[in-house]
Amino acid sequence: MAILEVRHIEKHFGSTQVLTDISFSLEEGQALSIIGSSGSGKTTLLRCLNFLERPDNGTIAVKGETLFDAKNPKTQQESEIRTKRLHFGLVFQNFNLFPQYTALQNVTLARELLAKERGGEDKEQIVAAGRELLSQMGLADRASHYPHQLSGGQQQRVAIARALALHPDILCFDEPTSALDPELTGEVLRVIRSLADQKTTMIIVTHEMAFARDVADQVIFMDGGLIVEQGDPKEVIDHPKEERTRKFLSRYANS
């Protein structure tokens with residue numbers, strides 16, 4: 001059974017429709033890459049999945065549980081939104097780290113707040129887990145550094161550790177390398193590749209075509225708020241069937 005089922009998602013901002021009839025599924029342990037031009041709806045889709053935006057139509061289900069149904073008000077109660085967000089971890093384009101906290105504190109903060117609210121873990125356990133995550137990111141020696149003391153690549157790896165800290169079912173990346181200098185892009189992509197090798201379930205919005213082709217289990221090409229083409233990454237990226245896909249990919253011919 002699919003870990004994620006998205007059906008008929010639509011989203012408007014005023015009179016502008018930004019998502020139209022978006023449907024796809026994702027198996028546990030798979031990586032899905034979403035590609036497309038800026039303004040095609042990719043980020044809005046991620047924000048809907050993470051309940052930062054409310055879809056106008058459609059359903060979202062994780063592990064067989066319907067988290068959102070536009071026709072069922074009970075699934076849209078604000079009191080439940082925070083819990084539903086725990087199914088997803090989101091890594092933003094621009095890191096969004098708290099500048100007043102160290103790398104370790106950025107990683108542990110949400111888990112500490114959740115523990116205070118629900119119990120079950122003491123601070124020592126959470127800090128130890130945070131240090132382990134930073135170590136996995138190659139940042140064991142940067143735990144006490146503040147964001148301004150870290151490179152962009154290091155900040156993004158802290159952001160990935162933070163997203164992993166709450167053990168989300170699905171880890172989402174919104175253009176994780178777009179704010180990085182080219183020489184720093186590789187270190188972040190290596191971390192994401194290692195997560196894919198560990199069968200972390202992921203949705204990756206990216207402009208890195210070669211990376212999407214080599215790492216993802218499936219790829220979706222979006223244009224104008226629609227899914228134009230989806231399937232095996234090597235088929236979609238190397239042998240696209242739709243003219244809009246071919247036109248978009250032509251600029252990445254040398255990837």
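Two strands are said to pair if DSSP finds at least two bridges between them. Helices (H or I, at least four residues) and strands (E, at least two) are DSSP runs, numbered from the N terminus. With those terms, here is a first detail to find in the structure: Arg7 stands opposite Thr59 in S4.

Before going further, a word on the model. It is a predicted one, in which local features need pLDDT of at least 70, side-chain atom pairs count only at pLDDT 80 or more, and totals for chains, interfaces and linings use all residues. Residues are numbered from 1 along each chain as its sequence is written, and side-chain values use heavy atoms, with hydrogens and water left out. The score pLDDT is the predictor's confidence in each residue, from 0 to 100. Its mean for the protein is 94, and 99% of the residues reach 70 or more. Among the elements, S1 has the highest mean pLDDT (98), while helix H2 (residues 78-85) has the lowest (83).

**The sheet**

Strands of a sheet pair through backbone hydrogen bonds, either parallel or antiparallel. Here, 4 strands form an open sheet in the order S2-S1-S4-S5, with antiparallel pairing. Strand S2 (16-26) and strand S5 (65-69) are at the edges with a single partner strand each, so one side of each has no neighbour in the sheet. From one strand to the next, the twist averages 20°.

Look now at S4 and its two partners. Strand S1 (residues 4-13) pairs with strand S4 (residues 57-62) over 5 bridges in the antiparallel sense, and S4 pairs with S5, also antiparallel, over 4 bridges. Some residues to match up by eye:

| Residue | Stands opposite or bridges to | Strand of the partner |
|---|---|---|
| Glu5 | Ala61 | S4 |
| Arg7 | Thr59 | S4 |
| Thr59 | Asp69 | S5 |

The hairpin of S4 and S5 has 2 residues between the strands, and Lys63 takes a positive phi near 55° there. Helix H1 (residues 42-49) lies across S1, S2 and S4, running at about 65° to S2; such axes are lines fitted to C-alpha atoms, for helices over the stretch in contact, and angles run from 0 to 180 degrees between N-to-C directions.

**A loop residue**

Glu28 sits in the loop between S2 and strand S3 (31-35). Is Glu28 buried or exposed? At 62% relative accessibility, Glu28 counts as exposed (buried means under 20% relative accessible area, exposed over 50%, partly exposed in between, with a 1.4 Å probe and protein chains only). Setting aside neighbours within four places in sequence, Glu28 is in contact (heavy atoms within 4.5 Å) with Ile3 and Thr201.

**Helix H6**

Helix H6 (residues 182-197) has 16 residues and reaches 23 Å from its first C-alpha to its last, close to the 22 Å expected at 1.5 Å a residue. That expected span is 1.5 Å times one less than the number of residues. Its buried residues include Leu184, Val188 and Leu195. What do the buried residues of H6 pack against? Their partners are helix H5 (152-164), strand S7 (170-174), strand S8 (202-205) and helix H7 (209-215). Just after H6, Lys199 takes a positive phi of about 65°.
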